[in-house]
Every structure is written in C-alpha cells, then in structure tokens.
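Visitor: Please show me the sequence and the structure. I have some questions about how the chain is put together.

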Amino acid sequence: MKIYAITGTPGTGKSKVAKLLSKKFAVLNLNKEIKRRKLYKKYDNKRKCFIFDEKKTLKFVKEWIKKQKNDIFIESHVSHLLNLKYDLIFVFRCNPEVLYKRLKRRKWNKEKVQENLEAEIFGIIEEEARRKGKTYIIDTTNKSPERIAGEMLKYIKKES
Ligand SMILES: Nc1ncnc2c1ncn2[C@@H]1O[C@H](COP(=O)(O)OP(=O)(O)OP(=O)(O)O)[C@@H](O)[C@H]1O
Ligand SMILES: [Mg+2]
C-alpha cells in the first residue's frame with residue numbers, strides 16, 4: 001500500500017482533484033475530518049481558522065490507514081505536516097494572480113486572503129514538503145482538475 005499526500009496553499013485545487021482520484025483510490029479529505037471529528041486545539045479567531053491538533057489528527061489518520069487495503073491519498077494543506085511516512089507528496093502550486101481570484105470568491109476577510117496569498121508567493125508549503133520527503137510539484141495554473149489528476153497518475157505509474 002502506498003501513501004500519498006496532496007498538499008498546497010488553500011485554493012490551489014486539492015479537493016477538486018482529490019474528488020476525481022476518489023473514483024480509483026481511497027482519499028481522505030483531512031480538513032473535513034478535522035472539523036467533523038474536532039481534531040483541532042481551538043479556533044483561531046484572529047486568523048479565522050482551526051488550529052489542528054497534530055496528535056489527535058495523527059491518531060485518527062493512522063487508524064483510518066489501517067482499514068485501507070489499496071493505495072491512499074491524504075489531502076489537506078496540513079497533510080505534509082503529519083508524522084507519517086509518505087511514499088510521495090504532491091504539492092500543488094498556483095500563479096498568485098489566479099489564486100487571488102479564487103480566494104476572493106471565498107467569504108474570507110482580507111487578511112486571511114493576503115496571508116494565504118503570501119504563503120503561496122513565498123512557497124512556504126513547497127519548502128516544508130520538500131524537507132519532509134519525496135515531492136512532486138505541480139503547477140496547476142491553467143490546468144483542468146482532470147489534467148492534473150492525469151499528470152499525477154502518470155507520475156505514479158512511472159515511479160512504480
Ligand atoms: N484546476 C482548476 N482550474 C480552475 N479552477 C479550479 C481548479 N481547481 C480548483 N478550482 C476552483 O478553485 C477553488 C478552490 O478549489 P479547491 O476547493 O479544490 O481548493 P483546495 O486546495 O482544496 O482548498 P482548501 O485547502 O481551502 O481546501 C474552487 O472554487 C474550485 O472550483
Ligand atoms: Mg480543500
């Protein structure tokens with residue numbers, strides 16, 4: 001069983017692609033589970049987001065993995081931070097102007113949009129992921145979710 005992560009700044013299209021992959025693979029939408037199972041420490045009122053509880057989240061993810069038989073994807077902008085041995089970490093990147101348009105459509109405050117945009121400009125998540133393990137970086141700008149999923153599958157096939 002291979003364990004893959006999909007990470008990247010919010011809005012880069014992880015969930016969209018993960019949904020396509022879920023036709024063939026077991027996919028864990030980690031953000032959804034963190035909220036649903038209250039795997040967070042608290043809600044950060046200033047930054048308007050949940051601060052996930054690494055220990056609780058890891059415990060849940062490990063139990064979920066045990067129940068899986070085939071290759072899996074764990075999708076979230078914090079997936080690469082978990083203390084798991086990933087076979088590969090997919091990092092989604094996006095042109096900041098395109099990302100800005102997407103984030104603006106969300107009902108987020110200006111600071112939160114700005115903070116995430118800066119994270120993408122500085123490549124924070126890519127850097128963190130590279131330090132964590134083997135990565136495959138995808139520039140998702142101007143690519144359809146289908147094309148991105150196809151590119152990922154092609155790379156997985158080539159590597160196995
Ligand atoms: N490849 C794409 N091309 C154009 N628009 C896209 C693409 N992927 C996603 N989108 C759009 O961008 C927005 C963000 O996509 P999505 O929710 O999949 O991002 P995400 O990376 O999962 O974000 P988050 O980390 O906040 O969950 C959505 O409105 C979605 O429809
Ligand atoms: Mg998402």
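Visitor: Which residue of E6 stands opposite Ala5?
Guide: Helices (H or I, at least four residues) and strands (E, at least two) are DSSP runs, numbered from the N terminus. Strand E1 covers residues 3-8 and strand E6 residues 88-93. Opposite Ala5 in E6 stands Ile89.

Visitor: What should I know about the model and its numbering?
Guide: This is a predicted model: local features need pLDDT of at least 70, side-chain atom pairs count only at pLDDT 80 or more, and totals for chains, interfaces and linings use all residues. Residues are numbered from 1 along each chain as its sequence is written, while chains are lettered from A and ligands numbered from 1 in the order in which they are written.

Visitor: Which residue of E5 stands opposite Ala5?
Guide: Two strands pair if DSSP finds at least two bridges between them. E1 and strand E5 (residues 72-75) run parallel and are joined by four bridges. Opposite Ala5 in E5 stands Ile74.

Visitor: How many bridges join E1 to E6, and which residue is the partner of Ile6?
Guide: E1 and E6 run parallel, with five bridges between them. In E6, Ile6 has as its bridge partner Phe90.

Visitor: In what order do the strands of the open sheet lie?
Guide: The sheet has five strands, and the pairing is parallel. At its edges are strand E2 (26-29) and E7, each pairing on one side only. From one strand to the next, the twist averages 20 degrees; for such angles, axes are lines fitted to C-alpha atoms, for helices over the stretch in contact, and angles run from 0 to 180 degrees between N-to-C directions. The order is E2-E5-E1-E6-E7.

Visitor: Is E1 mostly covered or open?
Guide: Count C-beta atoms, placed from the backbone: a residue is buried if 20 or more others lie within 10 Å of its own, exposed if 12 or fewer, and partly exposed in between. In E1, five of six residues are buried. E1 is mostly covered.

Visitor: Why does E3 lie largely in the open?
Guide: Strand E3 (40-44) lies between helix H2 (30-36) and E4 in the chain, after the loop that holds Lys38. E3 has five residues. It lies largely in the open because the number of them that are buried is zero.

Visitor: Which residue of E4 stands opposite Lys42?
Guide: E3 and strand E4 (residues 49-52) run antiparallel, joined by four bridges. Their hairpin has four residues between the strands, and Lys48 there takes a positive phi near 55 degrees. Opposite Lys42 in E4 stands Ile51.

Visitor: Which element gives the largest share of the largest nonpolar core?
Guide: A nonpolar core is a set of buried Ala, Val, Leu, Ile, Met, Phe, Trp, Tyr and Cys residues joined through C-beta atoms within 7 Å. The largest has 29 residues, and those with the most contacts inside it are Tyr4, Ala5, Ile6, Phe73, Ile74 and Phe90. The largest share of this core is four residues, from E6.

Visitor: Is Ile74 buried or exposed?
Guide: Ile74 lies in E5. Contact means C-beta atoms, placed from the backbone, within 7 Å. Beyond four places in sequence, Ile74 touches Ala5, Leu28, Leu30, Val61 and Ser79. With 26 C-beta neighbours inside 10 Å, Ile74 is buried.

Visitor: How far apart are the C-alpha atoms of Asn29 and Ala18?
Guide: Asn29 is in E2 and is partly exposed, with 19 C-beta neighbours inside 10 Å. Not counting residues up to four places away, Asn29 touches Ser15, Ala18 and Glu75. Asn29 and Ala18 are eleven residues apart along the chain, and their C-alpha atoms are separated by 7.9 Å.

Visitor: Which helix gives the most to the shell around ligand 1?
Guide: A residue is near a molecule or strand if its C-beta atom, placed from the backbone, lies within 6 Å of it. Of the 16 residues around ligand 1, Pro10, Gly13, Lys14, Ser15 and Lys16 come nearest. Helix H1 (14-21) and helix H7 (145-159) each supply at least two. The most, three residues, come from H1.

Visitor: What is the phi of Asn142?
Guide: Asn142 sits in the loop between strand E7 (135-139) and H7. Asn142 is exposed, with 9 other C-beta atoms within 10 Å. Asn142 is not a glycine, yet its phi is positive, at about 60 degrees.

Definitions and conventions: Two residues are in contact if their C-beta atoms, placed from the backbone, lie within 7 Å.
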